[in-house]
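Welcome, and thanks for opening the viewer. Take this tour at your own pace, selecting each stop as you reach it.

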Amino acid sequence: MTAIKVLLVDDDPLVRAGLSFMLGGAEDIEIVGEAADGAEVDALVDRTRPDVVLMDIRMPSVDGLTATEALRRREDAPQVVVLTTFHADDQVLRALRAGAAGFVLKDTPPAEIVAAVRRVAAGDPVLSPAVTRQLMAHAAGGPGDTRRARARDRVAALNDREREVAVAVGRGLANAEIAAELYMSVATVKTHVSRILAKLDLNNRVQIALLAHDAGLLEGTDSL
């Protein structure tokens, strides 16, 4: 079994020690480095090549949002999971828009943090529908006119079937649920999701959900 390589980024040494202890106990996870500030992240990623970065949002010099944006611009970008003390926070939402695969609260039980790292390493977002709904509701009263217009221009590139899949992703449905609802195979759903990501230049399913929300595609649906 190839271990999941994890980089810890948090300015609190006690938080890093706790994360290192709980993750280090998992046989399939290897802590390859630690950083106390976002300014250290780029060089550490070059040296350690992590699969997943656990990233604190608030740090004294370079914050986690700035570091996440820089990481996601890399061709070999690792997955980023945001560490936060808040369920709904503008900076968390900005990090997700920048390409973070999800977030976990710092007081999350150890087993759930381990599970989150495994999920992200496997390509699945760490964001429940309920939490996504809360974040979207928190986002400055919803998307403004300019953001909505931009989002609608982008989703216009999708064909009807891709749009249906994007709406289903935005509603928080898993691939199997989308397949059952839209009468297609799970493999076909995965193909559509991959095409949506490529067409819209997005990083993950979280960004599909956010864009669908911004474009108004989820209005009148049983969303998130």
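Begin by selecting Ala 70, which has its place in helix α3. Is Ala 70 buried or exposed? Neither word quite fits: Ala 70 is partly exposed, because its relative accessible area is 31%, and the buried class ends at 20% while the exposed class starts over 50%. Now add Asp 42 to the selection. Along the chain, Ala 70 and Asp 42 are 28 residues apart, yet their C-alpha atoms are separated by 8.0 Å.

**Zoom out**

Before going further, please keep in mind that this is a predicted model. Colour the view by secondary structure, and you can look for 11 helices and five strands. The protein has 224 residues, and 49% of them count as buried. Looking at contacts between residues at least 6 apart in sequence, 68% join residues at least 24 apart.

**The sheet**

Next, select the strands. The five of them form an open sheet in the order β2-β1-β3-β4-β5, and the pairing is parallel. Which strands sit at the edges? They are β2, residues 29-35, and β5, residues 102-105, each of which pairs on one side only. Turn the sheet in your view to follow its twist, which averages 25° from one strand to the next. As background, strands of a sheet pair through backbone hydrogen bonds, and the pairing can be parallel or antiparallel.

Select β3 and β4 together. These two strands run parallel and are joined by five bridges. To find one pairing, pick Asp 56: its bridge partner in β4 is Leu 83. Stay with β4 for a moment, as this strand is mostly covered, with five of its six residues buried.

Moving on to the edge, β4 (residues 79-84) is joined to β5 by four bridges, and again the two run parallel. Here you can pick Val 81, whose bridge partner in β5 is Gly 102. Now show the residues of β5. Gly 102 and Val 104 point one way, Phe 103 and Leu 105 point the other way, and all are buried.

**Two helices side by side**

Return to the helix where you started. Helix α3, residues 64-72, lies across β3 (52-56) and β4, and runs at about 155° to β3. Now add α4 to the selection. The helices α3 and α4 pack at an angle of about 5°, with their axes 9 Å apart. Since angles under 35 degrees count as roughly parallel, α3 is roughly parallel to α4. Which residues make the contact? From α3 they are Leu 65, Thr 68, Glu 69 and Arg 72, and from α4 they are Gln 91, Arg 94, Ala 95 and Ala 98. Sorted by class, this contact has three nonpolar, two polar and three charged residues. The spacing has a simple background: an α-helix has 3.6 residues a turn, so residues three or four places apart point the same way.

Keep α4, residues 90-98, selected and show its buried residues: Val 92, Leu 93, Ala 95, Leu 96 and Ala 98. Then step just past the end of α4 to Gly 99, which takes a positive phi of about 120°.

**Two loops with a positive phi**

That angle leads to the next stops. Most residues other than glycine have a negative phi, and you can now visit two residues that go the other way. Select Tyr 183, a residue other than glycine whose phi is near 55°, a positive value. Tyr 183 lies in the loop between α9 (175-182) and α10 (186-200). Tyr 183 counts as exposed because its relative accessible area is 75%.

Then follow α10 to the loop between α10 and α11, where Asp 201 is found. What is the phi of Asp 201? It is near 55°, a positive value in a residue other than glycine. Asp 201 also counts as exposed, at 68% relative accessibility.

**Last stop**

Finally, select helix α11, residues 205-214, and find Asp 214 in this helix. Buried or exposed, which is Asp 214? Asp 214 is buried, as its relative accessible area is 4%. Show the side chains of Asp 214 and His 213, and you will find a polar contact of 3.4 Å joining them.

Conventions:
Residues are numbered from 1 along each chain as its sequence is written. This is a predicted model: local features need pLDDT of at least 70, side-chain atom pairs count only at pLDDT 80 or more; totals for chains, interfaces and linings use all residues. Side-chain values use heavy atoms; hydrogens and water are left out. Buried means under 20% relative accessible area, exposed over 50%, partly exposed in between (1.4 Å probe, protein chains only). Two strands pair if DSSP finds at least two bridges between them. Axes are lines fitted to C-alpha atoms, for helices over the stretch in contact, and angles run from 0 to 180 degrees between N-to-C directions. Contact means heavy atoms within 4.5 Å. A polar contact is a pair of N or O atoms within 3.5 Å; within protein, one must be able to donate a hydrogen and the other to accept it, and residues adjacent in sequence count only if both atoms are side-chain atoms. Angles under 35 degrees count as roughly parallel, over 145 as roughly antiparallel, 65 to 115 as roughly perpendicular and the rest as oblique. Ala, Val, Leu, Ile, Met, Phe, Trp, Tyr, Cys and Pro count as nonpolar, Asp, Glu, Lys and Arg as charged, and the others, Gly among them, as polar.
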